[in-house]
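Work through the exercises below with the sequence and the 3D view open. Try each task before reading its solution.

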Amino acid sequence: MASVRVHRGDRGPATPVVRGRGRASGWLPPQHGAWAMLLLPVLAAVIVTGPHPLHLLLLGALLAAYPLSYFLLLAVKTGRLRRVRPQLTAYGVVAVLCAAPVLVARPAVLAYAPLFGVLAAVNAGFAHRRRDRALVNDLAFVAQCGLLGFVVATVAEVPPAEVAGVTVVVLGYLVGTILYVKTMIRERDSVRYRWASWAYHGVAVVAAALWAPAPVAVVFAALLARAALLPGRRVTPKRVGLVEMAGTLLVLAALALSASG
């Protein structure tokens, strides 16, 4: 699983920052948005498949895999494996202990490993070149998040096609978030990024209105409004993050409401 870096509120994925004199920042990645990006596709898929006991172990494996990837990419970026060895060992053990029963019970999950491997290699390549803020790097992480929905379905022994709809919605939201947050923080002065964000959100609203349930279309319209109105305003990174947390909850609520209807 690739790492996500939130620099001054940025939710876009990247390799972790080396603070101070190149030391890792403790034991927990300092970016809160990453957890939401990981959990959204999992919870959205569970809405469709229903909960399964193995999902708890899968969740445990994911919650360990994210910080594991964080420190792995830190080692790739800095070349200082020794400094993060304790974190790699601890999170690696937890990830293996949680994932092993899932793989034994559902070996079909291994079919996703090559895709995760390719996407993780993209993140590692950008980390090695210290270009971890590149848009392609961000999109590689988003793609990994999208795959999690299909993993959830496979674990529940539900045909992956049944979660395709919610996965498309989740991916649509996450790609828009990457573009929007860049216009608010790292690319706040880029006219090109603003136009890309506006165009993307406009297309997403039209697509949602044509093919998605009404609650999802309403939420995507609200996301378009925030992408159109907030860039250029003085909004602190913390508030940007809070707005995206609210957006994540709205997307999940819309999916749940659509499923119950």
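## Exercise 1: Cysteines

The count of disulfides comes to zero. The model is a predicted one.

**Task.** Which cysteine sulfur is nearest to that of Cys-98, and how far away is it?

**Solution.**
1. The nearest cysteine sulfur belongs to Cys-145, 19 Å away.
2. A disulfide needs the two sulfur atoms within 2.5 Å.
3. The sulfur of Cys-145 is therefore too far from that of Cys-98 for a bond.
4. Now check burial. Cys-98 has 15% relative accessibility and counts as buried.
5. Cys-145 is buried too, at 0%.

## Exercise 2: Helix α4

**Task.** What span should the 16 residues of helix α4 have, and what is the distance between its end C-alpha atoms?

**Solution.**
1. Helix α4 covers residues 113–128.
2. At 1.5 Å a residue, its expected span is 22 Å.
3. The end C-alpha atoms are 22 Å apart, which agrees.

**Task.** Which residues of α4 are buried, and where do they fall around the helix axis?

**Solution.**
1. The buried residues are Phe-116, Leu-119, Asn-123, Phe-126 and Ala-127.
2. Viewed down the axis of α4, these buried residues fall within an arc of 110 degrees, so they line one face of the helix.
3. That buried set packs against α2 (53–78) and α5 (135–155).
4. On the face turned away from the buried side, α4 carries exposed Pro-114, Val-118 and His-128.
5. Phe-126 has a further partner: Arg-129 lies over the face of its ring, 5.0 Å from the ring centre.

## Exercise 3: Positive phi

**Task.** What is the phi of Arg-130, and is the residue buried or exposed?

**Solution.**
1. Arg-130 comes just after α4, in the loop between α4 and α5.
2. Its phi is near 55 degrees, a positive value in a residue other than glycine.
3. The relative accessible area of Arg-130 is 52%; the cut-off for exposed is over 50%, so Arg-130 is exposed.

**Task.** Where is Glu-157 found, and what is its phi?

**Solution.**
1. Glu-157 is in the loop between α5 and α6 (164–184).
2. Phi is near 60 degrees, and Glu-157 is not a glycine either.
3. At 59% relative accessibility, Glu-157 counts as exposed.

## Exercise 4: Aromatic pairs

**Task.** How many aromatic pairs does a search of the whole structure find?

**Solution.**
1. The search finds five.
2. One of them joins Trp-27 and Tyr-91: the centres are 6.1 Å apart, the planes are at 50 degrees, and the pair is tilted.
3. Trp-27 lies in the segment before α1 (32–49) and Tyr-91 in helix α3 (residues 81–105), so the pair ties together parts 64 residues apart in sequence.
4. Compare exposure. Trp-27 is partly exposed at 43% relative accessibility, whereas Tyr-91 is buried at 14%.

**Task.** Is the pair of Phe-71 and Tyr-91 stacked or edge-to-face?

**Solution.**
1. The ring centres of Phe-71 and Tyr-91 are 6.4 Å apart, and the planes meet at 10 degrees.
2. Planes under 30 degrees apart count as stacked, so this pair is stacked.
3. Phe-71 sits in helix α2 and Tyr-91 in helix α3, 20 residues apart.
4. Both Phe-71 and Tyr-91 are buried.
5. Widen the view. Ring pairs link Trp-27, Tyr-70, Phe-71 and Tyr-91 into a cluster.

## Exercise 5: Around Leu-88

**Task.** Which residues does Leu-88 touch, not counting those up to four places away in sequence?

**Solution.**
1. Leu-88 lies in helix α3.
2. At 13% relative accessible area, Leu-88 is buried.
3. Its contacts are Leu-68, Phe-71, Leu-72 and Leu-81.
4. The C-alpha atoms of Leu-88 and Ala-64 are separated by 9.9 Å, with their positions 24 residues apart along the chain.

## Exercise 6: Helix α9

**Task.** Which helices do the buried residues of α9 pack against?

**Solution.**
1. Helix α9 has 24 residues (237–260), with an expected span of 34 Å.
2. Its end C-alpha atoms are 35 Å apart, which agrees.
3. The buried residues of α9 include Val-240, Glu-244, Val-251 and Leu-255.
4. The buried residues pack against α1, α6 and α8 (214–229).

Methods
Residues are numbered from 1 along each chain as its sequence is written. This is a predicted model: local features need pLDDT of at least 70, side-chain atom pairs count only at pLDDT 80 or more; totals for chains, interfaces and linings use all residues. Side-chain values use heavy atoms; hydrogens and water are left out. Helices (H or I, at least four residues) and strands (E, at least two) are DSSP runs, numbered from the N terminus. The expected span of a helix is 1.5 Å times one less than its number of residues. Buried means under 20% relative accessible area, exposed over 50%, partly exposed in between (1.4 Å probe, protein chains only). The arc is that of the directions from the helix axis to the C-beta atoms. Contact means heavy atoms within 4.5 Å. Rings of Phe, Tyr and Trp (its six-membered ring) pair if their centres lie within 6.5 Å; planes under 30 degrees apart count as stacked, over 60 as edge-to-face and the rest as tilted. A charge sits over a ring if NZ of Lys or CZ of Arg is within 6 Å of the ring centre and within 35 degrees of the ring normal.
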